[in-house]
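Work through these exercises with the model open beside you. Try each task before you read its solution.

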Amino acid sequence: MPLENAKTTRKLDDLPPLELLRSFEAAARRLSFTEAAAEVALTQSAVSRQVQQLEGSLGVLLFERRHRALALTEAGAVLQRAVVDSLERLRDATARVRAALVAREVGITCTPGFASLWLIPRLSHFTAAHPQVDVRVSATLDVLDLDRSRLDLAVRFVPIARGNGAALFEESVMPVCAPSLAATLRTPADLDNQTLLTIDAPNHHEAPTVDWEPWLQVMGLAGLRMKSVLRFSHYTDAVAAAVAGQGVVIGRMPLLRELLQDGRLVAPFGEGTATRRGYFIDTSMRAAGNRDAQDFVRWLRAEAEAGTA
């Protein structure tokens, strides 16, 4: 046998049977074989026999058996301190090992439009800096309860007066279209001859131009009626139709800023109009204990500030 293995074997042989130590620790802490038995899911007699076996292996008494009571001997107290210290170290080591195996994750919910047009194009910036963190995006128009859904944060799109949490940015709107179509739009009145690209409103009695109202009011075009209307279930589909030159969509800024910057869309009438709505970061209770979620919030704010600089 190699010398190193022989040393390891002798060290293990010097230890008392390890399966007995848990029963001893419970009995020493509670000073009762009956209560220790309930804790370790054994009978009282089984715990008593295990303690006697441990005493036999050590050659000393660990307890003074009194009438309906136990007391630690000096040897028992020494062993108790050693066992408690060893078990605490084992618990700490086990917790660290398990923590290393638990996936690091950030869960976020937001609208489909925000996810597709603003978040996802930038998300590689975060994942490149945090490759060990999984990001879970729940893109929905439903307002999810963060704690029940086990999510860390939400980016909520709400009127500014109702905004909670850190403000990400305020929305402004303006008509946008493909460059080929923009050449026919010299004044807002020219919209009469264009196809309106819009989304189905939850209340189907609303006018198809409901998302245009802030801009129409500023421009004095409340009675505007376009030649035809194409309706979509999702805003991202309406934007895709605009990029394809199929009509004019109301551009929600800053969601469409990159499409304007790279020339896929054009704003024929210049600057946008504030809607008094904005995007706010709401965090859950679980995010307070998730450093990766806190990093994600800081990253969101930094990206928003960089986009408006």
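**Exercise 1. One residue in a helix**

Is Val-84 buried, partly exposed or exposed?

Solution. Start with the ground rules. This is a predicted model: local features need pLDDT of at least 70, side-chain atom pairs count only at pLDDT 80 or more, and totals for chains, interfaces and linings use all residues. Residues are numbered from 1 along each chain as its sequence is written, and side-chain values use heavy atoms, with hydrogens and water left out.

Step 1. Find Val-84 in helix α5 (residues 74-101). Helices (H or I, at least four residues) and strands (E, at least two) are DSSP runs, numbered from the N terminus.

Step 2. Recall the cut-offs. Buried means under 20% relative accessible area, exposed means over 50%, and partly exposed lies in between (1.4 Å probe, protein chains only).

Step 3. Val-84 has a relative accessible area of 32%, so Val-84 is partly exposed.

Step 4. Now look along the chain to Thr-109. Val-84 and Thr-109 are 25 residues apart in sequence, and their C-alpha atoms are 45 Å apart in space.

**Exercise 2. The span of a helix**

What span should helix α4 have, and how far apart are its end C-alpha atoms?

Solution. Step 1. Take the rule: the expected span is 1.5 Å times one less than the number of residues.

Step 2. Helix α4 covers residues 44-58, which is 15 residues, so the expected span is 21 Å. The end C-alpha atoms of α4 are 21 Å apart, which agrees.

Step 3. List the buried residues of α4: Ala-46, Val-47, Ser-48, Gln-50, Val-51, Leu-54 and Glu-55. An α-helix has 3.6 residues a turn, so residues three or four places apart point the same way.

Step 4. Check Glu-55. Its relative accessible area is 7%, so Glu-55 is buried. Leaving out residues up to four places away in sequence, Glu-55 touches Val-60, Leu-61, Leu-62, Phe-63 and Arg-65. Contact means heavy atoms within 4.5 Å.

Step 5. Step past the end of the helix. Just after α4, Gly-59 takes a positive phi of about 80°.

**Exercise 3. Two partners for α4**

At what angle do α2 and α4 pack, and how far apart are their axes?

Solution. Step 1. Helix α2 (residues 21-30) and α4 pack at about 105°, with axes 9 Å apart. Axes are lines fitted to C-alpha atoms, for helices over the stretch in contact, and angles run from 0 to 180 degrees between N-to-C directions.

Step 2. Name the arrangement. The angle makes α2 roughly perpendicular to α4. Under 35 degrees counts as roughly parallel, over 145 as roughly antiparallel, 65 to 115 as roughly perpendicular and the rest as oblique.

Step 3. Find the contact. Leu-21, Ser-23 and Phe-24 of α2 meet Val-47, Gln-50, Val-51 and Leu-54 of α4.

Step 4. Sort this contact by class: five nonpolar, two polar and no charged residues. Ala, Val, Leu, Ile, Met, Phe, Trp, Tyr, Cys and Pro count as nonpolar, Asp, Glu, Lys and Arg as charged, and the others, Gly among them, as polar.

Step 5. Turn to helix α3 (residues 33-40). The axes of α3 and α4 come within 8 Å and cross at roughly 105°. The two helices are therefore roughly perpendicular to each other.

Step 6. In α3, Phe-33, Thr-34, Ala-36, Ala-37 and Val-40 meet Gln-44, Val-47, Ser-48 and Val-51 in α4. This contact has six nonpolar, three polar and no charged residues.

**Exercise 4. Unusual backbone angles**

Which residues does a cis peptide bond join?

Solution. Step 1. Keep the background in mind. Most residues other than glycine have a negative phi, and most peptide bonds are trans.

Step 2. The cis bond joins Met-253 and Pro-254, with omega at about 10°. Pro-254 lies in the loop between β9 (248-253) and α10 (257-261).

Step 3. Look at Leu-31, in the loop between α2 and α3. Leu-31 is not a glycine, yet its phi is positive, about 50°. With a relative accessible area of 36%, Leu-31 is partly exposed.

Step 4. Look at Arg-68, in the loop between β1 (63-66) and β2 (69-72). Phi of Arg-68 is positive too, near 55°. At 83% relative accessibility, Arg-68 counts as exposed.
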